[in-house]
Amino acid sequence: MTIRTIQTAAIPGQKPGTSGLRKKTAVFMGHHYLENFIQAIFDSVGAKGKTFVLGGDGRYFNAEAAQVILRMAAANGAARVIVGQGALLSTPAASHLIRRHQTDGGIIMSASHNPGGPTEDFGVKFNMPNGGPAPEAVTEDMYIRTTQMTQYQIVDAQDVPLDKLGLDDLAGMVVEVVDPVADYAVLMEQLFDFAAIRAMFAGGFRMRMDSMCAITGPYAVEILEKRLGAPAGTVINGTPLPDFGGLHPDPNPTWAKPLMDEMFSQSAPDFGAASDGDGDRNMVVGRGIYVSPSDSLAVLAANAHLAPGYRGGLKGVARSMPTSAAVDRVAKALGIGHYETPTGWKFFGNLLDAGLATLCGEESFGTGSDHVREKDGLWAILLWLNILAVRKQSVAEILAEHFAKFGRNYYSRHDFDAIETAKADAMMAALRGRLADLPGTRLEGMEIVAADDFSYADPVDGSISTAQGVRVMFKGGSRFVMRLSGTGTEGATLRLYLERFVAGPGDLDHDPQDALAPIIRAAHVLAGIEAFTGRLRPDVVT
Ligand code: VG1
Ligand code: CO
């Protein structure tokens, strides 16, 4: 087999966003595009003699991309690549394999919650030896290399059979095909009280798991149905499909509407859950009650000690800035530290590595802990099941008690999709330009007490991340936050995050959109959303 050096035509720089490089599939399939970025990864982190993990969420182009990456890893001198069978791995399972085998990192092929298929999205993320997403300094280095790249290395070879477990040789590099589920399932058994959850299912407890035709299907069937004894058929949309069956694998009330409808119907089971394209997100629903991700994080933090893996308590908690402050109050009650980071899981890595935080979460349906270095959809669902099995209460009862004890943060996120980028940028720039004048002014009967553009100093390595989102804070703990998404592939997506705190239990049936109405109006007035973008109403409300 020969190593070939291919000269590439200049490809414009490939800039990773919130979570890896994400583009239209056709762009990734274009001449040298995937190869260029993979070479930038290997040039940046070094490949010679190293071991990597490789897998993806099974979307269109996953299998072909895996073969290209393997041939390039071999050409760049890697010693070994551990691949999930069929080139499949959920993001948290990949993170676990990187850590368990102490590899030099891993490549995950996924555009996460973005739809898949020839006309939809594809993506590539690099994870570090700690199992977590590459930090900004590393992705910036990769980006700079893509702007300068003139050639890449690849071996001439047949496809490696990835459907059979075992070892193979590719131009002197070992390819080890492993079961994508086995190690992950064992990790879950170590963290949670499977006997208690099994007894709960045996006692008639019923749940619905919607894997949205994405990667968690095989994991959920093995763990929920086989190991925990949930009835066959508990998992729906359990076969990963290249186009996710045409679904948008983003587990929220809009895109997982069939699950929401079932959970609010007469025949609702006790518990419902869904996860996203690459298995790192989760949505949790009780019978007749939706659990917002920010509330879910707070409830998990308050109850984690009920699961064997967290019996000793939490070292601290961390949330992304736009996530509601509900978990902060739990941390104060527990007497542990709480941290506020920019959006994106890469910012939690240092806190987890340094033992400052055990649990982390984002308002975007992501929760996780120090068991891996990614958010983990099934992990969150299993922690909820463990809590339900121990407390023997319904989701509604648990939430009601939680709000009574800690107060309630009404919360919502409004997304305005595919705005013309120049218009979105102009709106944000205008808002940023006015921040200094806002404190002390009144709007919708509320007083603005502070306004800034969030910046973060990492407490471990001191790195500074600026311009992470505009925050406008009102007296009494209400606020709104505005930032542009870093994961979209069409124009700009404006995210407007809304939050209002009420002491005491509040009313479980109170629609958050009503509770937040004055803050929604204030945000529209202040930012001039309609004037700048022509949009009055959001495309997705979560
Ligand atoms: C979104 C979410 C963010 C999450 C990121 C990756 O980013 O808001 O919280 O970490 O997606 O999630 P953005 O920049 O579009 O707001 V996933 O499931 O892609 O790994
Ligand atoms: Co995801």
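Helix α4 buries T91, P92, A93, A94, S95, H96, L97 and I98. Buried means under 20% relative accessible area, exposed over 50%, and partly exposed in between, with a 1.4 Å probe and protein chains only. Helices (H or I, at least four residues) and strands (E, at least two) are DSSP runs, numbered from the N terminus. This is a predicted model, in which local features need pLDDT of at least 70 and side-chain atom pairs count only at pLDDT 80 or more, while totals for chains, interfaces and linings use all residues. Residues are numbered from 1 along each chain as its sequence is written, chains are lettered from A and ligands numbered from 1 in the order in which they are written, and side-chain values use heavy atoms, with hydrogens and water left out.

Stay with α4, which spans residues 91-100. Because 8 of its 10 residues are buried, α4 is largely enclosed by the rest of the structure. What covers those buried residues? The cover includes the strands β3 (51-56), β5 (106-109), β6 (121-127) and β9 (173-178). It also includes the helices α6 (182-191) and α8 (216-227).

Two other helices are also well covered. Helix α3 runs over residues 62-75. Here 12 of the 14 residues are buried, so α3 is largely enclosed by the rest of the structure. Its buried residues include N62, Q67 and R71, along with A65, A66, V68, I69, L70, M72, A73, A74 and A75. From first C-alpha to last, α3 reaches 20 Å, close to the 20 Å expected at 1.5 Å a residue. That expected span is 1.5 Å times one less than the number of residues. Just after α3, G77 takes a positive phi of about 90 degrees. Helix α10 covers residues 293-303, and 11 of its 11 residues are buried. Among them are P293, D295, L297 and N303.

Now turn to the metal. Which residues coordinate the cobalt ion (ligand 2)? The donors are S112 (OG), D276 (OD), D278 (OD) and D280 (OD), at 1.9 to 2.1 Å. Donors are N, O and S atoms within 2.8 Å of the metal (3.2 Å for Na, K and Ca); water is not among the atoms, so sites may look incomplete. Along the chain, the donors follow the spacing S-x163-D-x1-D-x1-D. D276 and D278 are both buried.

The donor D280 leads on to K375, which touches it. Contact means heavy atoms within 4.5 Å. K375 also touches P92, R281, W345, E362, G366, T367 and G368, leaving aside residues up to four places away in sequence. K375 sits in the loop between β18 (366-369) and α13. Is K375 buried or exposed? It is buried, with a relative accessible area of 9%.

Past that loop comes helix α13, residues 377-391, which holds L378. L378 counts as buried because its relative accessibility is 2%. Leaving aside residues up to four places away in sequence, L378 touches Y184, M209, T216, Y219, A220 and G279. G279 is 99 residues from L378 along the chain, yet their C-alpha atoms are separated by 7.3 Å.

Helix α13 also packs against another helix. Two packed helices are described by the angle between their axes and the distance between the axes. The axes of α7 (residues 194-202) and α13 come within 9 Å and cross at roughly 70 degrees. Axes are lines fitted to C-alpha atoms, for helices over the stretch in contact, and angles run from 0 to 180 degrees between N-to-C directions. The two helices are therefore roughly perpendicular to each other. Angles of 65 to 115 degrees count as roughly perpendicular, under 35 as roughly parallel, over 145 as roughly antiparallel and the rest as oblique. In α7, A196, I197, M200 and F201 meet L382, L385, N386, L388 and A389 in α13. By class, this contact has 8 nonpolar, 1 polar and no charged residues. Ala, Val, Leu, Ile, Met, Phe, Trp, Tyr, Cys and Pro count as nonpolar, Asp, Glu, Lys and Arg as charged, and the others, Gly among them, as polar.

Some loop residues remain. H32 has a positive phi near 65 degrees, although it is not a glycine. H32 lies in the loop between α1 (25-29) and α2 (33-45), and is buried at 12% relative accessible area. A171 also has a positive phi, near 50 degrees. A171 lies between β8 (166-170) and β9, and is partly exposed at 34%.
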